[in-house]
Structure formats: structure tokens, C-alpha cells
Protein chains: 2
Amino acid sequence: MTSRHRVVIVGGGFGGLAAAKALRRAPVDVTMVDRQSHHLFQPLLYQVATGVLSQGNVAPPLRDVLRHQGNAEVVLAEVDGVDLERCVVRCRLLDRTWEVPYDSLIMAAGSAQSYFGHDEFAVHAPGMKTIDDALEVRGRLFGAFELAELEDDAGRRTAWTTFVVVGAGPTGVEMAGQIAELSRYSLRSNFRRIDTAAARIVLVDAAPRILSSFDERLARRAAEKLERMGVEIRTGTLVTGMDAASVELKTTSGVVRLAAMTKIWSAGVQASPLGTELAAQAGVESSRSGRVPVEADCTLPGRPEVFVVGDLMALDSLPGLAEVAIQSGRHAAAEIRRRLDGDTRPRPFRYRDLGSLAAVSRFYAVGERRGARIWGFAGWLVWLFVHLTFLTGFKNRISALFHWMISFFGRSRPERTITARQVFARQALQGGRVRG
Amino acid sequence: MTSRHRVVIVGGGFGGLAAAKALRRAPVDVTMVDRQSHHLFQPLLYQVATGVLSQGNVAPPLRDVLRHQGNAEVVLAEVDGVDLERCVVRCRLLDRTWEVPYDSLIMAAGSAQSYFGHDEFAVHAPGMKTIDDALEVRGRLFGAFELAELEDDAGRRTAWTTFVVVGAGPTGVEMAGQIAELSRYSLRSNFRRIDTAAARIVLVDAAPRILSSFDERLARRAAEKLERMGVEIRTGTLVTGMDAASVELKTTSGVVRLAAMTKIWSAGVQASPLGTELAAQAGVESSRSGRVPVEADCTLPGRPEVFVVGDLMALDSLPGLAEVAIQSGRHAAAEIRRRLDGDTRPRPFRYRDLGSLAAVSRFYAVGERRGARIWGFAGWLVWLFVHLTFLTGFKNRISALFHWMISFFGRSRPERTITARQVFARQALQGGRVRG
């Protein structure tokens, strides 16, 4: 066994992977633990759900990404918890449990979908956080059109072609835009009985406007673009109920129930439960969304050997963006390297805002960076450039570019495959029926 | 409603799709019924299972393939049976049932995996006939290496890295070759504790040699190539038992039990049960593999309006090849067109043998056509050309070519993504455990 400094990284998302890569040349042994075997480029997950990209494009295996990094190993396991006193991470896989000791720990466990106390919605409105989610949504989206085509009852047919996207952040906006593209263009020539272009797409948010983290003028442009594409925007609207065939919406003027078989949830996130456990051990209080308050250098209060980064970290109200995770992950790695070099003064993490982008439709995106705004085709070119740059792996970049050419110029969808198992499992689940 | 001649096609595989396309300009209404929404390019399914291709590459939606064919519509439904007297196809989807009337019927329902009376093997050894199968096998293959990496017990680790492929036809040979490539090259740099190159790959067949439908000299070359890649060939061997962690093999010299967590079944096919039902109605006897005996023109005896094509058809001992399905599907369409033109003399179906190919590894394939043989790199070039030509859709061809460049030159696998749900579902299913 080695006596080198052991760095354990919990989570192979943006934060964890950035930290691992930044330790490439450090005299440490890196162990990355994740319950999935792949990294996930979450900002493009909605394109897997809508048939643009394949799973492989956005989810390269962690051990393949790190294959040339000799000081790093990848462990597939669920992390049950951390023992801060004994400096071990408790791992579990199936009926086996074991402990992984660390000298430095980087907690990058991220966040999961939050249904704001309505976990019963999950079965009716899958989220957009994992590959399984994306394949589930893909099955429901394309399956809905298949079943609408067979439906004789007008009311039920309308329910099959009504799509409700809950949450109008970037993911919700991008999803609504993609469903509009699909129904207005890509699928139109495919069906004989229904006019897919008549599909109703409803984008719901409790906030008074969409893209509430963006500049108001940009959000307005995005809203206008969506409305021109036929998306119905319902802001100031709460989702108060849901079943297999409908959704209940509440505004100040009352409650309505909308017949809609397909619901997609992109409304909120909750930090991994590991955060709350960690905060309790450290004697600090986690935030309402489960984030862990950290010192200015991203360490857990009183535990300088434990870093908390990305969505799990509560610091300066930084948002849950990939870029925050990447930069804080790199910061943790840099701190570890500096300490090993003998410099033990903590350095504060400074987030460098690289801005935000949201792709409303093909050839139309909105973006902002430090007060500068961009939109339309120019914004879309920036979106394309940024996503090609950040996508993991050269081959995935080329492949994604090719899929985008097919989707954006040809308006078709190269990855539409759904299986009967998916469509029918969903039906069985919802107890749905096509016709009496 | 129209009063045009109604052609119903049951099954959107090679036979059904070829028939539908051949009716493009005919004065008929075509209804294609399939329980999956996609066509499947089955000969490349093993590449989806081994991470080379994505689902979308080999399984384009049927309604997208036929989108510009105005006289064709696609119906997603399970076919429960056919009423030859009333000329209707009985369809079912979830709890709805309905009938589709036909003037001409083309039965192209194909075949499914056969376990030769051992259906209990299916849970332990998935077949290679559907997208769901391929994703299941992908999860098991890559999951096995993940779990081997975590295993401390040498015996169980060996069981995780032992792969048994049952059936040494083209699919079995190609699958065994791909697993060898994966373990010897693609995955080797990915793991730290196990040497993936030490994986044991066993190719089992009851026949005295592999590729029994091929020329014996070609089969010998393929066997030598496989053995050089480290594949263990066990011909003259029957699989007599199977459980989650092992397989029982029987030869003339006795019975051995091999510890192997991953088994893949590519041993046999059985025609769709619709064939037996159809034969019974027509008063003929279906073959042992469930195929329906037909007249020389591919029609059901006594039912000139019903064509049986592809794997469902028993005619002149024609093999279950894509090419037989395509040509018989086209023949049925041509017969229908000729009759509508007033020419009612039946014409016999003549199969034009285009030969067979099997890709043993990258840059090495064997092939034969009317007595001519080809092998090695030259064979592989022919394989590449033929598969690029026959793959459905121009975009799928370009995309597959790109995936092949990554896989064959870079030796990496662009579509390796598996999810925890897949790996753990399998474990739960098998009651497997990683460590005591």
C-alpha cells in the first residue's frame, strides 16, 4: 500500500471531476466514488430526452474520462455517510459495505430533483437530473404522440398532446422549446391522423416571470420567442395537484385542472442528503435546500481537511451552476496541492462569473455575462461554442456537433428510439387507458 | 373513407418494411402494425450491446422511415391474431382491442429468441433480438467489469470476468469477438485493480463447429482468429443448466459447471406465435420452429390474399436472414401490384443469394457468396460497405460510420453509458452479491 496523501472525492459531476483532473500531477492518490459509473453533462440532458443526443454523448464513463490519470481510481458505490472523526467514507454496493479512508475529502455529491414536499408528483412528472430520467421523459414524449394517433376520443387525444413543463428556469425553457420544435416541425410529417403541430405546451412557474435568474429584458425576449413558437407561459402559477391524466394549477384568480398526460418537472433542486448529515456532524446548520455552509476556502467549519463544493456548498448565495461546481472543485484541488507544498494559509474561493445561457429554440438563445446581454442567432452561436468547448471529450464534441447538424438543419431527431417496454411500463404505472 | 385496396403489413422488420416501401407508388392504402415504434437493424444489435452504436443508429422510428410515403400509416399495437374468414387483423394496445380490415395481408412478424424449451434460462442469459435486450446486455457487460473491480474474493472476481456466449452463429461470433476487443483493448486502461485482458470469453455451440451455415474453411479461419484473440471455443457442447452465477456445460466426455456471472444467448430463434395460429386456420402444419409453409409465391395455402414472408415463412429451407426477408417482402408487394394491374397468375418467389458475412473483430470479417470466399481485412471492407449500404437512412449511415471510426481506429467505445438502475436491477433480479 502507498503512503501518499489520499484524496477521496464523493461525486463525479462537474465539481468532483474538475477536482480530480486538477490533481492530475499532484503527489496524491485520488479515489472518486460515485453511484453512477458515468459523469453527466447535465445541461444537455434535455436533448437526450427530446431525441437530439444519445446517452453516450452526455454521459461518458468516469473511468474512461480518467483513464490516463494514473493517480486516480473510480469506485462504483453509494456513499452512506462520512465519519469526520475517523476520516472515512462509508460505502455500500448491494449488500456489501466498506470504508474508504481519506486524508483530504472533497464532497461533491450535488443535488437531486425537489418536488417541494410533493414527492407524490414524482411518478407523474419525472425530473431531469439523470440518464434514467431523460430516457423516461423520452419514452413519455414520443409515446404520447404514438398513443394520441390511436385515440378516437377527442378529449383524451387532447390530453395526450398536452405537455406541461413545471419550472421555467433554463432547463424548463429549453425543454418547452424543444417540445414545440418537435411538434411543430420534426414530427409533423410522421403522423397521419393527428396534427402534431396542434399540441399544447404549457410552461408553468410560480415566479412572476420565466428565467428569473436572468436579466428581465432577456427573459422577456425568451418569453416572446417561446410564445411565437406556440408555448403557453403561465407564470405566477403553482402546481397544487397532479394525477396520471391531469395537473391542477393555482393562481391568484383561482384553481384550474388541465387534462395532460405528460408532465415534466424541472422546478427545483435539493442538495444530497449527505449535506445535512455532514452539517450536523460539523455542528452547523444546513440551508433550507440542504446545502452546507462552508468557510471562505470551501472547507467545512472546524474541518480544514473536508471541502464541500458545487451544489452541496452554501457560500455567498452562489447559484447551482456547472461553472460554480467546476471552479469550486478546482479551488479545493488547488488548496490541497498548496498545503502539500507547505503553504497552509487558507485562500478564499473567488467565483469568476462566466455568465449564463439558455437555448430557447434552434438558432435562438439568450445569454448574459457581467451586465452584457446577447440574444437571437448571435446568442445561439455563443451557446454552440460554449457547449462544444465544455462537453467532455473530443469525440463527444464531434459527435454532438454531428447530432446538432441533423437536428438543427434537418429538423429531424436522430435519437428517438423508445421501446414498448418503456411506453407500456409507463401506462401500467399510471393505470392509463387509451380507449374504453 | 377510401375505397382503395387495403394492404395490412404485420411487422416492421426487414420483410415488412421492404414490402411497405415497394408499395410506395401502388394505388393502395398501407397500414403497418408493429408492437414497437421502430424498425430494427438487427445484424448490428450486438454493437449497441457492446457500446459501439447508439439505439438511434440501428432503430429509426417506423413512422419516420415512412414519413414521405403518403399511402402508408403506422400503428403501434400488439397483434393478437388474424381472422382469415372475415379478413381482419385483431389489434390490442393496453386494454383497448380493435380490428383492422385488409384486402391483402402481409405477415412479417418475424421471430423471437428461442431457449429450446429452457425458458428459465432467459432471466440469466438475455437474448439479442430487441433494443431492450441490447441495453440489458450492455448493462451486464460493462457492469460486470465494474463489479469485478470492487470484488476482493478471487473466485467471485473470476466469475465476474467470465463471459459465456451461447450459440456460435454470426451474432454469437460477433459478440464474442467484441467482448474480446473490449477486454483486451478498450477497457484495459480504465481499471486499476483488475486486468480486464485476463477476462475469459467462452463461445459455446452444440454443433461440431462455429458458423455452421458458412463454408467450413471460412469457419475455421474465423475460429483461429477468435482463438488468437483469446476466445475459448467449445463446440459439441450443450448448455444443460444455468443460474445467476454459473452455467452447466455438457459434452460427450461429461458435465462441467463454469462460474460465470454474464451469459448471453444467441443460440436459436422461434417464429412468432402468430405463425402457428395462422397455419392452424389455414389447415397446414407449422414447422418445428413455428414457421408457416407457403405456396411458391409466398401465399398461405388456399389464401392467395395472405402473404407470409421472412422468418415467419417456411419455403425451400430458406434461412432466417435479413436478405430473405427483404426479397420475400418485395415479392409480396410486387404480387399485389401485379394483381391490381389485372395479372392474376401467381409468380414463384426466387431467392437471389447475396451471400453471408460475419465480422469477427475490427478489420477482420469472413464472407461468402455463391462459392466465392473472402476473409480478413478484405472481408471486413466488404462488411463495412454492405452494412453502410443497407443501414436505414442516410443520417444513420453517416452516424454509424463516425461511431465505427471511433471504435475501430480509436478502439474506444462511444456508447458505454449504463445506469445504476440497470446494474442494480440486474443484481436484485439475480439475488447476486458482491462480497459477503
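Q: Domain bounds come from an automatic or database domain assignment. With that in mind, which stretches make up each domain of chain A?
A: Start from the fact that this is a predicted model. Domain 1 of chain A takes in residues 5-35, 77-113 and 269-340. Domain 2 covers residues 119-267 and 362-430.

Q: How many Å separate the centres of domain 1 and domain 2 of chain A?
A: Taken over C-alpha atoms, the two centres are 32 Å apart.

Q: What average pLDDT does chain A have?
A: Read pLDDT as the predictor's confidence in each residue, on a scale from 0 to 100. Chain A averages 93. A score of at least 70 is reached by 96% of its residues.

Q: Over which residues of chain A does pLDDT stay under 50?
A: Look at residues 428-436 of chain A. The model still gives this stretch 20 contacts beyond four places in sequence.

Q: What ipTM and pTM does the predictor give the complex?
A: The ipTM is 0.92 and the pTM is 0.94.

Q: By what turn can chain A be laid on chain B?
A: Copies are compared by superposing their C-alpha atoms. Here a turn of 180° with a shift of 0.0 Å along the axis lays chain A on chain B, at an RMSD of 0.0 Å. That is the relation of a two-fold axis. In chain A, S54(A) has the C-alpha nearest the axis, 3.2 Å from it.

Q: Why do the copies meet through the same surface?
A: Compare the interface residues. For chain A, 100% of them are also interface residues in chain B, so the copies use the same surface.

Q: How many residues does each chain bring to the contact?
A: Chain A brings 44 residues, and chain B brings 44 residues. On the side of chain A, the elements that each supply at least two residues include α5 (131-150), α12 (394-409) and β3 (72-76). By type, the residues on that side divide into 15 nonpolar, 13 polar and 16 charged.

Q: What is the strand order in the open sheet of three strands in chain B?
A: Read across the sheet, strand by strand. The order is β12-β13-β14, and the pairing is antiparallel. β12 (238-243) and β14 (254-259) of chain B each have a single partner strand, so one side of each is left without a neighbour in the sheet. From one strand to the next, the twist averages 20°.

Q: How many bridges pair β13 with β14 in chain B?
A: β13 of chain B, residues 246-251, pairs with β14(B) over six bridges. Try tracing one. S246(B) has A259(B) in β14(B) as its bridge partner.

Notes
Residues are numbered from 1 along each chain as its sequence is written. Chains are lettered from A and ligands numbered from 1 in the order in which they are written. This is a predicted model: local features need pLDDT of at least 70, side-chain atom pairs count only at pLDDT 80 or more; totals for chains, interfaces and linings use all residues. Two residues are in contact if their C-beta atoms, placed from the backbone, lie within 7 Å. Two strands pair if DSSP finds at least two bridges between them. Helices (H or I, at least four residues) and strands (E, at least two) are DSSP runs, numbered from the N terminus. Axes are lines fitted to C-alpha atoms, for helices over the stretch in contact, and angles run from 0 to 180 degrees between N-to-C directions. Copies are superposed by least squares on the C-alpha atoms of residues with pLDDT of at least 70 in both. Ala, Val, Leu, Ile, Met, Phe, Trp, Tyr, Cys and Pro count as nonpolar, Asp, Glu, Lys and Arg as charged, and the others, Gly among them, as polar.
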